[in-house]
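Student: Could you go through this fold with me, piece by piece? I have the coordinates open.

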Amino acid sequence: MTSDDVSLYETEWLTLPELVEVLGEPLGRVRRLLDEFHLVGTRRDGALKVPSVFIVDGHPLPSLRGTVFALHDAGFSDDEAIDWLLAPEDTIGVAPIEALLAGRKSEVRRVARALA
């Protein structure tokens, strides 16, 4: 699936300097959040960017990390995981990121694990 195939959840894309500002953390800490999958990013227009919807109240969405691990276990790359999170998912009824934001973590991870 490519982002051309589906209408992705509308979100801004934040660069590393923007993440430093939004999170109020130094660049090294932001890189660690990415390395440890508290956040996940992709290269867009040459720069590493993270969907702003992954940040809630100045912090990474808590349910994102475990969900990204479940997607990696299912064989997804970071790019594929981001696309899946932002694309409408029939079994959930909304984009998985919307379900995570609504507190439906268990349902999203169950569907993610079933993809393996």
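Student: Let's start in the strands: what is the bridge partner of threonine 15 in E3?

Tutor: Within E3, threonine 15 has lysine 49 as its bridge partner; bear in mind throughout that we are looking at a predicted model.

Student: And over how many bridges do E1 and E3 pair?

Tutor: E1 and strand E3, which covers residues 47-51, pair over 3 bridges in the antiparallel sense. In general, strands of a sheet pair through backbone hydrogen bonds, and the pairing can be either parallel or antiparallel.

Student: In what order do the strands of the sheet come?

Tutor: The order is E1-E3-E2, an open sheet of 3 strands with antiparallel pairing. Strand E1 (13-15) and strand E2 (42-44) each have a single partner strand and stand at the edges, so each of them has one side without a neighbour in the sheet. Ignoring direction, neighbouring strands of this sheet are turned by 55° against each other on average.

Student: While we're on E3, is alanine 47 buried or exposed?

Tutor: Neither label fits, because alanine 47 has a relative accessible area of 26% and counts as partly exposed, the range for that class lying between 20% and 50%. This alanine 47 belongs to strand E3.

Student: How far apart are alanine 47 and leucine 101 in space?

Tutor: From C-alpha to C-alpha, alanine 47 and leucine 101 are 26 Å apart, with their positions 54 residues apart in sequence.

Student: Switching to helices, which strands does H4 lie across?

Tutor: H4 lies across E1, E2 and E3, and its direction makes an angle of about 85° with E2.

Student: Which residues of H4 are buried, and what covers them?

Tutor: The buried residues in H4 are Ala81, Ile82, Asp83, Trp84, Leu85 and Leu86. Their cover includes the strands E1, E2 and E3 as well as H3, helix H5 (96-101) and H6.

Student: OK, H3 then: at what angle do H3 and H4 pack?

Tutor: Helix H3 (residues 64-73) packs against helix H4 (residues 78-86) at an angle of about 120°, and their axes are 10 Å apart. The two helices, H3 and H4, are therefore oblique to each other, since roughly perpendicular covers 65 to 115 degrees and roughly antiparallel begins over 145. H3 passes H4 in a right-handed crossing.

Student: Which residues make that contact?

Tutor: From H3 the contact uses Leu64, Thr67, Leu71 and His72, and from H4 it uses Asp78, Ala81, Trp84 and Leu85. By class, the residues of this contact of H3 with H4 are 5 nonpolar, 2 polar and 1 charged.

Student: And how do H3 and H6 cross?

Tutor: The axes of H3 and helix H6 (residues 105-114) cross at roughly 15° and come within 8 Å. H3 and H6 are therefore roughly parallel to each other, an angle under 35 degrees being the criterion, and their crossing is right-handed.

Student: Which residues meet there?

Tutor: Gly66, Thr67, Ala70 and Leu71 of H3 meet Val108, Arg109, Ala112 and Arg113 of H6. The contact of H3 with H6 divides into 4 nonpolar, 2 polar and 2 charged residues.

Student: Last one: what does threonine 67 touch?

Tutor: Threonine 67, placed in helix H3, touches Leu85, Leu100, Val108 and Arg109, if residues up to four places away in sequence are not counted. Threonine 67 is buried, because its relative accessible area is 0%.

Methods:
Residues numbered from 1 in each chain as written. Predicted model: local features only at pLDDT ≥ 70, side-chain atom pairs only at ≥ 80, totals over all residues. Heavy atoms only, no water. Axes fitted to C-alpha atoms, helices over the stretch in contact; angles between N-to-C directions. Helix = DSSP H or I, 4+ residues; strand = E, 2+ residues; numbered from the N terminus. Left-handed = near helix turned anticlockwise from the far one by under 90°. Contact = heavy atoms within 4.5 Å. Nonpolar A, V, L, I, M, F, W, Y, C, P; charged D, E, K, R; others polar. Pairing = 2+ DSSP bridges. Buried < 20%, exposed > 50% of the residue type's maximum accessible area, 1.4 Å probe, protein only.
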